[in-house]
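Here is a short briefing to read alongside the model on your screen. It looks at one helix and one pocket.

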Amino acid sequence: MMTSTYKLSTNLNNNNFYIKRDDLLPFSFGGNKARKATMFFEDIKAKKCDTVITYGSSSSNHCRVVANMAKANGLGCIIISPEEDYVETANSKLVNMLGARVIKTTLDSVAKTIDETMETLNRTCKPYFIQGGGHGVLGTRSYVEAYDEICKFEKENDIKFDYIFHASGTGTTQAGLVAGRLMKKNENQKIIGISIARPNPRGKQVILDSLNEYFKNSDDYTDKVDFIDDYLCGGYGKYTQDVLAVVKKVFEFEGVPLNTTYTGKAFYGMENFIIKNNINNKNILFINTGGSPLFFDSLEELNK
Ligand SMILES: *Cc1c(COP(=O)(O)O)cnc(C)c1O
């Protein structure tokens, strides 16, 4: 799964910026959801399940990847989606094209709808449930692997990353990276998750829980997790003109597509965090966690 990592031309406070292009993972426009789903589908095949059920919003990359992998493997796919802020996006159109059955329901009844749908499915087939965003131990494990790839890059290129920045949502990606760092005892490196939706304390707590679940212990990892909720820009899917400007700038000068929902917000947050904390002369890695179809949803805005 090794994805390409290289130096960016971005300069801020004399730091060296590198990028890990997880958006270029080979399946379905890649991204962290492709990395996670690969693990889940190995489990699905091992358990001989025939239908996948998961949930997510209309802009969910996770839903697109799961619908695509289900199709490619000849499995049924059901997506539960909250109807409140359902707007057609490139991702929701792809989900439809891939033949997934989308059940829209109110946000409040998502859990109930999942239970009822599972119950119905259990009578006629062998369903497999994946939590939203590919949350869970298998998702965490996929980013422990990504962390190992980062260590391999450091070794081969004789470099140490002082900071790793990335967009953090359910925190599964961050839990995997932090778990990897703890196992490698890289005490001096900071992994900064820029929250794209959840405020603290809940956002961070989910990561702490994921670490306990992954390590099967009840240790306190409070000091080991940096989950920054200063750049929410109003919450999931919302963004400011500054975020849009960062998406434009990074595409213009690096040729890398970011998006306003996840990676653009994270890059914007990273720049502001670096300025605010006066970080200089460090080696900084940004993980592009994907969501390329969302870049195209912003084209009109970007052209204004
Ligand atoms: C889902 C997603 C995230 C957040 O990942 P989590 O593991 O849920 O924290 C970040 N970036 C992109 C592009 C995503 O689709």
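Welcome to this predicted model. Among the elements that pack against helix α8 are α9 (263-276), α10 (292-297) and α11 (299-302), which help cover its buried residues. One of these, α10, also gives two or more residues to the lining of the largest pocket.

**Helix α8**

- Spanning residues 241-254, α8 holds 14 residues and reaches 20 Å from its first C-alpha to its last, close to the 20 Å expected at 1.5 Å a residue.
- Its buried residues are Val243, Leu244, Val246, Val247, Val250 and Glu254.
- Viewed down the axis of α8, these buried residues fall within an arc of 155°, so they line one face of the helix.
- An α-helix has 3.6 residues a turn, so residues three or four places apart point the same way.
- Gln241 and Phe253 are exposed, on the other side of α8.
- After α8 comes glycine 255, with a positive phi near 70°.

**The largest pocket**

- The largest pocket holds about 1300 Å³ of space.
- Its lining is made up of 50 residues, and Ser57, Ile196, Ala197, Tyr236 and Tyr262 are those nearest its centre.
- Two or more lining residues come from each of α1 (32-46), α2 (61-72), β7 (163-168), α6 (172-184), α7 (202-215) and α10.
- Helix α1 supplies the largest share of this lining, with three residues.
- Sorted by class, the lining of the largest pocket has 28 polar, 13 nonpolar and nine charged residues.

Notes. Residues numbered from 1 in each chain as written. Predicted model: local features only at pLDDT ≥ 70, side-chain atom pairs only at ≥ 80, totals over all residues. Heavy atoms only, no water. Helix = DSSP H or I, 4+ residues; strand = E, 2+ residues; numbered from the N terminus. Expected span 1.5 Å × (residues − 1). Buried < 20%, exposed > 50% of the residue type's maximum accessible area, 1.4 Å probe, protein only. Arc of directions from axis to C-beta. Contact = heavy atoms within 4.5 Å. 1 Å grid on protein atoms, 1.4 Å probe; cavity = no way out; pocket = protein on both sides within 12 Å on 5 of 7 lines; lining within 4 Å. Points joined across faces, edges and corners; volume = space filled by probe spheres on them. Nonpolar A, V, L, I, M, F, W, Y, C, P; charged D, E, K, R; others polar.
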